[in-house]
Amino acid sequence: NMKERLDFSCAIFDKDGNLVANAPHMPVHLGSMGASVRKVMQSNLDMAAGDVYVLNDPYNGGTHLPDVTVVTPVFSDESWGKSSDE
């Protein structure tokens, strides 16, 4: 059903959890996805390459129990969380 109806959303968020880009097929989930991303970031300060976080908590950005949010951090270099001028 998810594959046939394209009932999923994909997006990229910055180091502060703000939306940078999203896929256009099902943007309805994006209103709450930022809250999920920020909660994962706040709760896991030691994120590393290869980590994957799964949540569906309605108090932290989830919409309803069948929806699951998967957050995977991506690191471009060793300066995670720092601006380029630091």
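Leaving aside neighbours within four places in sequence, Met33 is in contact with Ser9, Ala11, Phe13 and Thr69. Met33 lies in helix α2, and in this predicted model the residue counts as buried because its relative accessibility is 12%, where buried means under 20%. The chain also brings Met33 towards a residue outside that contact list: the C-alpha atoms of Met33 and Leu19, which stand 14 residues apart along the chain, are separated by 8.8 Å.

One of the partners of Met33, Thr69, is found in strand β4, which covers residues 69-71. With a relative accessible area of 15%, Thr69 is buried, and its own contacts, again not counting neighbours within four places in sequence, are Met33, Ser36, Tyr53, Val54 and Leu55. Among these, Val54 belongs to strand β3, residues 53-55.

Met33 is also a member of the largest nonpolar core, a set of nine residues made up of Phe13, Met33, Val37, Val40, Met41, Met47, Tyr53, Leu55 and Val71. The elements that give two or more residues to this core are α2, spanning residues 30-43, and β3, and the largest share, four residues, comes from α2. In soluble globular proteins, nonpolar side chains tend to be buried together.

Which nonpolar residues form a patch on the surface instead? The patch consists of Val52, Val54, Val68 and Val70, which together have about 370 Å² of accessible area. Val54, the patch member that Thr69 contacts, is exposed, because its relative accessible area of 58% lies over the 50% cut-off.

Charged side chains offer another point of detail, since the structure holds one salt bridge. The side chains of Lys15 and Asp16 meet in this salt bridge, with a distance of 4.0 Å from N to O. Lys15 is partly exposed at a relative accessible area of 37%, and Asp16 likewise counts as partly exposed at 47%.

The relative accessibilities of the residues discussed above are collected here.

| Residue | Relative accessible area | Class |
|---|---|---|
| Met33 | 12% | buried |
| Thr69 | 15% | buried |
| Lys15 | 37% | partly exposed |
| Asp16 | 47% | partly exposed |
| Val54 | 58% | exposed |

Turning to the protein chain as a whole, there are two helices and four strands, and read along the sequence they follow the pattern α-β-β-α-β-β. Of the 86 residues, 26% count as buried, while the accessible surface of the chain comes to about 6300 Å², of which 55% belongs to carbon and sulfur atoms. Among contacts between residues at least 6 apart in sequence, 29% join residues at least 24 apart.

How much confidence does the predictor place in the chain, on average? The mean pLDDT is 80, and 77% of the residues score at least 70. Among the elements, β3 has the highest mean pLDDT, 92, whereas helix α1, residues 2-5, has the lowest, 69. Where pLDDT is low, the predicted coordinates should not be read in detail. Strand β3, with that highest mean value, is the element in which the exposed residue Val54 is found, and β3 is also among the elements that give two or more residues to the largest nonpolar core.

Definitions and conventions:
Residues are numbered from 1 along each chain as its sequence is written. Side-chain values use heavy atoms; hydrogens and water are left out. Patches are made of residues with over 30% relative accessible area and no salt bridge: like charges are joined within 9 Å, nonpolar side chains (Val, Leu, Ile, Met, Phe, Trp, Tyr) within 5 Å. Accessible areas come from the Shrake-Rupley method with a 1.4 Å probe; for residues, only the protein chains shown count as cover. Buried means under 20% relative accessible area, exposed over 50%, partly exposed in between (1.4 Å probe, protein chains only). Contact means heavy atoms within 4.5 Å. pLDDT is the predictor's confidence in each residue, from 0 to 100. A nonpolar core is a set of buried Ala, Val, Leu, Ile, Met, Phe, Trp, Tyr and Cys residues joined through side-chain atoms within 4.5 Å.
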